[in-house]
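New to this one? Here is a quick tour to read with the model open beside you.

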Amino acid sequence: MIVGLIVNPIAGMGGRVALKGTDGVVEEAIKRGAKPVALDFTKLFLNELSHYDVDVKFLTGHDGLGEDALKEFSFPYKVIKHREIKYREISGVKIPDTTKEDTKTLARLMKDKVDILLFAGGDGTARDIYEAIDKEKPILGIPTGVKMFSGVFATSPEDAAKLLVAFAKGNAKLVEREILDLDENAYRHDEVKAKLYGKALTPYVETLVQGAKETIPLDEEEELDAIVEAIVEELEDGVYFLGAGSTIKKLKDMLGIDGTLLGVDIVEIKNGKAKLLVKDAQEKDLLEYIHRNPKIIVTVVGGLNFLFGRGNQQFSPEVLRYIPKENIIVVATPSKVKGAIRVYTGDREVDERLKGYIKVRISPWAERIVKVI
């Protein structure tokens with residue numbers, strides 16, 4: 001089987017530094033301390049794939065567009081060099097000077113030569129691939145971006161490898177899945193402007209592919225208000241890391257703080273009153289308050305069923321390894337908790353510690369014990 005592999009080398013860099021994406025802000029991300037992550041996640045995919053007996057040959061982009069990951073493994077591969085890629089150095093970090101046109105060009109050059117096209121990136125990369133090849137070949141996303149709301153992503157790089165093996169052996173059916181993308185500039189200003197760009201063909205095994213982003217049903221809004229109000233009344237004095245999303249924004253509003261809708265905020269509760277310590281916090285801000293034994297309040301991303309790893313990468317492995325599981329408060333309406341919920345930070349030790357079971361507050365008076373995988 002011939003597999004196309006395209007890596008977006010800057011994907012995911014804006015996550016831990018609270019930029020909610022990387023398109024157009026890579027320099028700012030690096031100035032805030034961001035490092036490239038897409039190559040490392042691609043290597044996790046290739047490492048997992050190396051454990052299976054499957055006959056795969058790759059066609060990939062040169063240097064940081066795929067070659068740099070493959071050259072560390074024994075898979076046969078051929079490189080497409082569509083143009084000369086220059087590198088630039090920003091604050092000591094070298095990145096290739098690439099754009100979405102490189103992704104689209106590589107996709108077009110590969111589509112007639114491969115059986116399936118894999119890409120490492122986020123929703124923007126998924127959209128670029130789809131615009132280049134439509135439904136001419138199946139595609140599969142290795143999740144390395146900040147926001148990954150489309151239905152063409154595997155739940156993790158390792159699951160992308162398992163799904164590719166299933167596809168190679170004829171054990172994964174092809175289905176049409178949504179390509180969604182958000183306006184990143186609006187997203188950074190707490191506006192969710194999502195658009196459906198189409199549906200792409202992707203291999204599907206239920207346990208290995210994530211769902212697409214869903215919103216809270218209107219008939220659950222009042223129930224959510226009651227849940228959040230009950231939690232606010234129960235909060236003890238201390239420091240809290242309040243996660244992203246409309247559910248936690250309701251809690252921020254009830255606390256009377258000017259918190260973000262799509263970012264992580266640090267709040268102190270003292271004598272029943274809330275004080276905003278850091279608005280739209282980065283990973284480094286959270287680490288500065290770790291010594292205060294903080295609690296995290298988060299929700300489940302509707303449709304995706306993720307607790308950590310989608311849109312809240314500020315909760316990095318470095319942060320989560322210091323937070324006891326009992327200090328994580330999960331709030332969600334019943335419709336958001338469909339079976340098990342997922343965590344994926346890229347750090348196996350941290351992920352394993354979070355797995356098992358966790359309490360999810362689903363009503364003002366009830367919790368549900370939910371499996372974390």
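Which residue lies over the face of Phe306? That's Arg310, at 4.0 Å from the ring centre. Keep in mind that what you're looking at is a predicted model. The points below go through the cores, the strands and the rings.

**The cores**
- Start with the largest nonpolar core, which has 31 residues. Phe241, Ile296, Leu307, Phe308, Phe315, Ile328 and Val360 are the ones with the most contacts inside it.
- Several elements give two or more residues to this core. Among them are the strands β10 (238-242), β13 (295-299), β14 (306-308) and β15 (328-331), and the list also includes α11 (317-320), α12 (348-354), β17 (356-361) and β18 (367-372).
- Ile328 is a handy residue to click on: setting aside neighbours within four places in sequence, it is in contact with Ile296, Val298, Phe308, Ile323, Leu354 and Ile358.
- Apart from that core lies another one, of 30 residues. Val56, Ala69, Leu70 and Ile116 are among its members.
- As a bit of background, nonpolar side chains tend to be buried together in soluble globular proteins.

**Strands side by side**
- β13 and β15 run parallel, joined by four bridges. Look for Ile297, which stands opposite Ile329 in β15.
- β15 also runs parallel to β17, and here two bridges do the joining. Val331 has Arg361 in β17 as its bridge partner.

**Rings meeting rings**
- The structure holds five aromatic pairs.
- One of them is Phe58 with Phe75: the ring centres are 5.6 Å apart and the planes sit at 80 degrees, so this pair counts as edge-to-face.
- That pair links distant parts of the chain, with the two positions 17 residues apart. Phe58 is in strand β2 (residues 57-61), while Phe75 is in the loop between α3 (67-70) and β3 (77-80).
- Are Phe58 and Phe75 buried or exposed? Both are buried, and for Phe75 the relative accessible area is 12%.
- Phe75 pairs with Phe73 as well, and this pair is tilted, at 6.4 Å centre to centre with 35 degrees between the planes.
- Put together, ring pairs link Phe58, Phe73 and Phe75 into a cluster.

**Another charge over a ring**
- Besides Arg310 over Phe306, have a look at Lys94, which lies over the face of Tyr87 at 5.5 Å from the ring centre.

Conventions. Residues numbered from 1 in each chain as written. Predicted model: local features only at pLDDT ≥ 70, side-chain atom pairs only at ≥ 80, totals over all residues. Heavy atoms only, no water. Core = buried A, V, L, I, M, F, W, Y, C linked by side-chain atoms within 4.5 Å. Buried < 20%, exposed > 50% of the residue type's maximum accessible area, 1.4 Å probe, protein only. Contact = heavy atoms within 4.5 Å. Phe/Tyr/Trp six-rings, centres within 6.5 Å; stacked < 30°, edge-to-face > 60°. Lys NZ or Arg CZ within 6 Å of the ring centre and 35° of its normal. Pairing = 2+ DSSP bridges.
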